[in-house]
Amino acid sequence: MARKKKGEAIHGWICFDKPLEMTSTSAVGKIRWLFQAQKAGHAGTLDPLATGILPIALGEATKTVPYLMEADKVYSFTITFGRTTDSYDAEGRTIAESDARPTKEAVEAAIPQFIGLIEQVPPAFSAIKVDGKRAYDLAREGVEVELKAREIEVFDLALDDFTGETAIFTLHCGKGTYVRSIARDLCLELGVCGHVTTLRREAVGAFETKDSITLEKLEELVHRGAHLEALLGVETALDDIPGLPVTQDEAARLKQGRDLALLPRQIEPLKAALKARLDDGYHEFPDTVQAVFNGQVLALCELRGGILHPSRLLNL
């Protein structure tokens, strides 16, 4: 007899507004405990010194985490000029200081070269693995870490406020972008010292600030027994994945792990939606389709040659 899983079978997403100094791992543990959920995970680490959107998956929503990792992100961040740290944020050790300050005009003139497909070297204090160890662990041990440049995409970088001592920006970017590296490279271009002093993630895909919930509010809902009100649907992470409604017979077939042959009238709209997704820059999971039954995601499938192949079943 299979052992019964500990916790409640709760499925969905929490659009968590992570507070300052809390780690992403601690946030997942806290949310899982509050919901007494069997499973939990997050979609993209947020640094302890950053606040904002940390999507946390519960139950079957954990199966959709990989699809959200590719999503666009929006950040608001502040660069304070005059001091550079080894981590490029307020947590690090000072490695350079300067009285030089950029002008607003110089900042605005430098911004365009940071928009589009650009090469970026991740900061040494990052979660990237080097020879099996996290780069930030090696950096803290004093080991010099050389990380390779990687291509990222920045859709927009806007200067929102400038005082001479600080500059506040909004960044809309693709996956794998490091805000601290943007700040580092911008300061190098301007010939000044600087580091990130505030960082807030405003959006991850369909997860936005307007839908977020703080820890205090969530604890209040739990106290009232109304915490399920904060739960977003499993499909929230799949907003860019084309959907196909299926019948009860088709749903039963997919649940058994069997392929589903589609009619031409079903295939053409899916192909058009998949092409549009590819044109929008989403290159991972290029053939993935949601099979939807009674308004709920039943399975994630691959469309190949007019045949729908179930690759991930959701037990909702």
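Which residue in β16 is the bridge partner of Leu244? The legends below, which describe close-up views of a predicted model, begin with the sheet that holds this pair.

**Close-up 1. The open sheet of five strands and its edges.** The strands of this open sheet follow the order β14-β16-β17-β18-β15, and their pairing is mixed. Because β14 (243-245) and β15 (260-261) each have a single partner strand, they stand at the edges of the sheet, and one side of each is left without a neighbour there.

**Close-up 2. The parallel pairing of β14 with β16.** Three bridges join β14 to strand β16 (residues 288-293), and the two strands run in the parallel sense. Within this pairing, Ala291 in β16 is the bridge partner of Leu244.

**Close-up 3. Helix α7 on the sheet.** Helix α7, which spans residues 248-255, packs on the sheet and touches β14, β15, β16, β17 (296-304) and β18 (307-313). The direction of helix α7 makes about 75° with that of β17.

**Close-up 4. Strand β12 and its pairing with β3 and β4.** Strand β12 (residues 194-204) pairs in the parallel sense with strand β3 (residues 51-58), over two bridges, and Arg201 in β12 is the bridge partner of Gly52. With strand β4 (residues 73-81), by contrast, β12 pairs in the antiparallel sense, over nine bridges, and here Tyr75 stands opposite Arg201. Arg201 of β12 is thus found in both views of the pairing, as the bridge partner of Gly52 and opposite Tyr75.

**Close-up 5. The hairpin of β12 and β13.** Strand β13 (residues 207-208) pairs with β12 in the antiparallel sense over two bridges, and Glu208 in β13 is the residue that Ala203 stands opposite. Two residues lie between the strands of this hairpin, in which Gly205 takes a positive phi near 55°.

**Close-up 6. The second largest pocket and its lining.** The space in the second largest pocket comes to about 350 Å³, and 16 residues line this pocket. Of these lining residues, Glu153, Gly174, Lys175, Gly281 and His283 lie nearest the centre of the pocket. Strand β10 (residues 150-162) supplies the largest share of the lining, with five residues. When the lining of the second largest pocket is divided by class, eight residues are charged, four are polar and four are nonpolar.

Conventions. Residues numbered from 1 in each chain as written. Predicted model: local features only at pLDDT ≥ 70, side-chain atom pairs only at ≥ 80, totals over all residues. Heavy atoms only, no water. Pairing = 2+ DSSP bridges. Helix = DSSP H or I, 4+ residues; strand = E, 2+ residues; numbered from the N terminus. Contact = heavy atoms within 4.5 Å. Axes fitted to C-alpha atoms, helices over the stretch in contact; angles between N-to-C directions. 1 Å grid on protein atoms, 1.4 Å probe; cavity = no way out; pocket = protein on both sides within 12 Å on 5 of 7 lines; lining within 4 Å. Points joined across faces, edges and corners; volume = space filled by probe spheres on them. Nonpolar A, V, L, I, M, F, W, Y, C, P; charged D, E, K, R; others polar.
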